[in-house]
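Reader: I have a model open on my screen and would like to go through it with you. Could you tell me how each label is earned?

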Amino acid sequence: VKRDGGNCFNFYSLESTLMWTRDRLELEKELRAAITNHELQVLFQPIVHAETHHIARMEALVRWPHSARGFLSPSEFIPLAENVGLIDQLGELVLRTSCLASYKLLKLGYSVNVSVNVSPRQLLNKNFLQTILNALHDSGLPPRLLILEITESAIVNDMERVGNILTKIRELDILIALDDFGTGYSSLTLLRELPIDIIKIDKSFVRTLDQNQNDLTIVQAIIGLGINLGLLVVAEGVETARQARILLQHHCYYQQGYYFSRPIPYQALLELINKKR
Ligand code: C2E
Ligand code: MG
Ligand code: MG
Ligand code: MG
């Protein structure tokens, strides 16, 4: 399976290749074991203020170090986890690890919000709110330091239910980010219907914004829209100084991407923060 290539192609590739095969059942068994044995790793990617490179937030990104298949990326096992009912357990693990990481930083004097990706099935689970409350309580993390990232493509069907849940989550003082903004068919509708605090400009726009005038225009419009709606705008997938500078010129201050840092383990992130301050 090809990794780290184009967005759409990869997403279900391993899943569809393995569909209905013994291999798939094997992988499911292994994923179940990996979750139970705490073999999944959570990496953190800094979200920086692009002017100062101050690390303001971090996004939690899960990895599966698989003995035979190597380091598997989430696009290779999140869809599987969703389909076989393991996503709640996986999601809770990531949530707990993330809350703990942010709490540990807070205790060291660093206030770094942690952003956790939530899949729609997880969000719609009736126990989800309680799972969040437990993770916050057990870690000691103040709710205002937690951000939940939802992907627009997947929530369109259940807009009303999603809206109700997000409203309750937000009453807890937790922030909501709309991930991969601009890639779905209904970005604007979601902005109007859902309680959103942050939009994350999808990396597909960021990648070409220094080469393609149309993409730059779209990015400018998204930034303007966000600012005028009182939202925080974050750009993801920033890989070059040039992209960072152009985004900054257009008032997109919060940025995330390989140019600043790849996703790294907690300890490495702590060292990075220590070095910077
Ligand atoms: P996402 O939430 O949009 O996360 C951003 C993805 O872009 C991550 O891929 C990150 O490693 C990658 N990235 C960051 N900077 C750059 C850059 O400069 N250039 C490029 N080309 N890529 C960059 P990753 O870690 O493979 O995750 C893929 C997707 O899997 C995530 O997209 C998210 O939707 C999902 N995911 C990751 N962790 C979790 C999780 O714990 N739970 C759930 N439900 N989904 C997750
Ligand atoms: Mg995300
Ligand atoms: Mg994204
Ligand atoms: Mg994505």
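Author: Happily, and keep in mind that this is a predicted model. Let us start with C252, which has 0% relative accessibility. Buried means under 20%, so C252 counts as buried.

Reader: What makes C99 buried or exposed?

Author: The reasoning is the one used for C252. C99 has a relative accessible area of 0%, and the limit for buried is under 20%, so C99 is buried.

Reader: How many disulfides are there, and how do you know?

Author: There are zero, after a search of the whole structure. A disulfide is a covalent bond between the sulfur atoms of two cysteines. The test asks for a pair of cysteine sulfur atoms within 2.5 Å, and the search finds zero such disulfides.

Reader: Which residues make the site of the magnesium ion (ligand 2), and why are they called donors?

Author: E59 (OE), N117 (OD1), E149 (OE) and D179 (OD) coordinate the ion, at 2.0 to 2.3 Å. The cut-off for a donor atom here is within 2.8 Å, so these atoms qualify at their 2.0 to 2.3 Å. Along the chain the donors of this ion are spaced E-x57-N-x31-E-x29-D. E59 belongs to strand β2 (residues 54–66) and N117 to strand β4 (residues 113–117), so this pair ties together parts 58 residues apart in sequence.

Reader: What makes D179 a bridge?

Author: D179 bridges the magnesium ion (ligand 2) and the magnesium ion (ligand 3), and the two ions lie 4.1 Å apart.

Reader: Why is E59 called buried, and why is N117 called partly exposed?

Author: E59 has a relative accessible area of 4%, and under 20% is the rule for buried, so E59 is buried. N117 has 30%; partly exposed lies between under 20% and over 50%, so N117 is partly exposed.

Reader: Which residues touch the most other members of the largest nonpolar core?

Author: L146, L148 and I169 do, in a core of 82 residues. Helix α5 (residues 87–107) gives this core its largest share, eight residues. Setting aside neighbours within four places in sequence, L146 is in contact with residues including L95, C99, V114 and L175.

Reader: What puts the buried residues of α13 on the same side?

Author: In helix α13 (residues 266–276), the buried residues include Y266, L269, L270, L272 and I273. They cover an arc of only 160° around the axis, which puts them on the same side of α13. Among what covers them are β1 (41–49), β2 and α5.

Technical notes
Residues are numbered from 1 along each chain as its sequence is written. Chains are lettered from A and ligands numbered from 1 in the order in which they are written. This is a predicted model: local features need pLDDT of at least 70, side-chain atom pairs count only at pLDDT 80 or more; totals for chains, interfaces and linings use all residues. Side-chain values use heavy atoms; hydrogens and water are left out. Donors are N, O and S atoms within 2.8 Å of the metal (3.2 Å for Na, K and Ca); water is not among the atoms, so sites may look incomplete. Helices (H or I, at least four residues) and strands (E, at least two) are DSSP runs, numbered from the N terminus. Buried means under 20% relative accessible area, exposed over 50%, partly exposed in between (1.4 Å probe, protein chains only). A nonpolar core is a set of buried Ala, Val, Leu, Ile, Met, Phe, Trp, Tyr and Cys residues joined through side-chain atoms within 4.5 Å. Contact means heavy atoms within 4.5 Å. The arc is that of the directions from the helix axis to the C-beta atoms.
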